[in-house]
Amino acid sequence: MKRFTNRQKKYLSLVRIVLCIVKMIACVVYLFTHFAFNMNLLYIVIAIIIAILLTRWFYKQYKILNAGIKAEKESYKALKHLPKEYKVYKNVSLEFKNQHTELDQLIMSQYGIVIVETKSYSGKLSGYEDAQQWTYIKHLPKGKNQTTKIKNPLMQLEREIYILTRILKKE
């Protein structure tokens with residue numbers, strides 16, 4: 001069974017969201033064309049509101065995914081300027097005993113191996129090294145702040161290191 005990379009999964013999620021929105025719009029059009037005279041106006045308004053909410057949600061998800069992909073491209077572009085003895089790989093897919101992960105960038109040289117995990121946040125990110133979640137505070141317009149709990153990125157990195165070391169020990 002073929003495993004998809006994280007990037008491919010992100011694109012597949014976007015395609016699913018778009019298809020969901022298209023289906024919703026098709027339902028609204030169908031309702032307008034076939035039942036407009038027999039249907040209560042309230043149902044039409046509800047269908048339109050749902051379509052609008054889905055569209056807003058899709059756009060928000062698209063912006064988040066797009067920011068992450070853009071950040072990964074920028075970090076890879078910066079890492080390509082390392083001296084020639086450093087080999088930089090991007091989107092490295094690893095699997096060990098049914099554990100799967102994808103490294104954003106992997107740097108290999110005679111001096112060692114470095115895993116680079118790229119995140120795209122603007123605002124304040126805080127947390128303890130061993131905490132399950134960190135706090136992300138994003139500064140919004142009009143002086144407001146939005147606080148969100150996110151998974152500790154160091155734990156993701158520890159998992160990636162674990163899988164990579166197990167593969168290297170096996171080989």
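**Exercise 1. Determine which residues Lys124 touches, leaving aside residues up to four places away in sequence, and state where Lys124 lies.**

Solution. Once residues up to four places away in sequence are set aside, Lys124 touches Thr135, Tyr136 and Ile137, where contact is taken as heavy atoms within 4.5 Å. The model in which these contacts are found is a predicted one. The next step is to place the residue, and here Lys124 is found in strand β4, which comprises residues 124-126. For one of the three partners, Ile137, the separation along the sequence is 13 residues, while the C-alpha to C-alpha separation from Lys124 in space is 5.0 Å. Finally, the relative accessible area of Lys124 is 49%, and because the partly exposed class runs from 20% to 50%, Lys124 counts as partly exposed.

**Exercise 2. Work out the order of the strands in the three-stranded open sheet, and explain which strands stand at its edges.**

Solution. The three strands follow one another in the order β1-β2-β3, and their pairing is antiparallel. Since β1 and β3 (112-116) each have a single partner strand, they stand at the edges, and one side of each is therefore left without a neighbour in the sheet. On average, and with direction ignored, neighbouring strands of this sheet are turned by 40° against each other. Turning to the individual pairing, β1 and β2 are joined in the antiparallel sense over nine bridges, and within this region Lys87 stands opposite Met108 of β2. The last step adds the helix: α3, made up of residues 153-170, packs on the sheet and touches β1, β2 and β3, and the direction of α3 makes about 75° with that of β2.

**Exercise 3. Examine the loop between β1 (87-96) and β2 (99-109), and decide whether Lys97 and Asn98 are buried or exposed.**

Solution. Lys97 lies in this loop, which connects β1 (87-96) with β2 (99-109), and Asn98 has its place in the loop between β1 and β2 as well. The backbone is considered next: the phi of Lys97 is near 45°, a positive value in a residue other than glycine, and Asn98, which is not a glycine either, has a positive phi of about 65°. To settle the accessibility, the cut-off that is needed is that exposed means over 50% relative accessible area. Lys97 has a relative accessibility of 69% and so counts as exposed, and Asn98, at 67% relative accessibility, is therefore also counted as exposed.

Note on methods:
Residues numbered from 1 in each chain as written. Predicted model: local features only at pLDDT ≥ 70, side-chain atom pairs only at ≥ 80, totals over all residues. Heavy atoms only, no water. Helix = DSSP H or I, 4+ residues; strand = E, 2+ residues; numbered from the N terminus. Buried < 20%, exposed > 50% of the residue type's maximum accessible area, 1.4 Å probe, protein only. Pairing = 2+ DSSP bridges. Axes fitted to C-alpha atoms, helices over the stretch in contact; angles between N-to-C directions.
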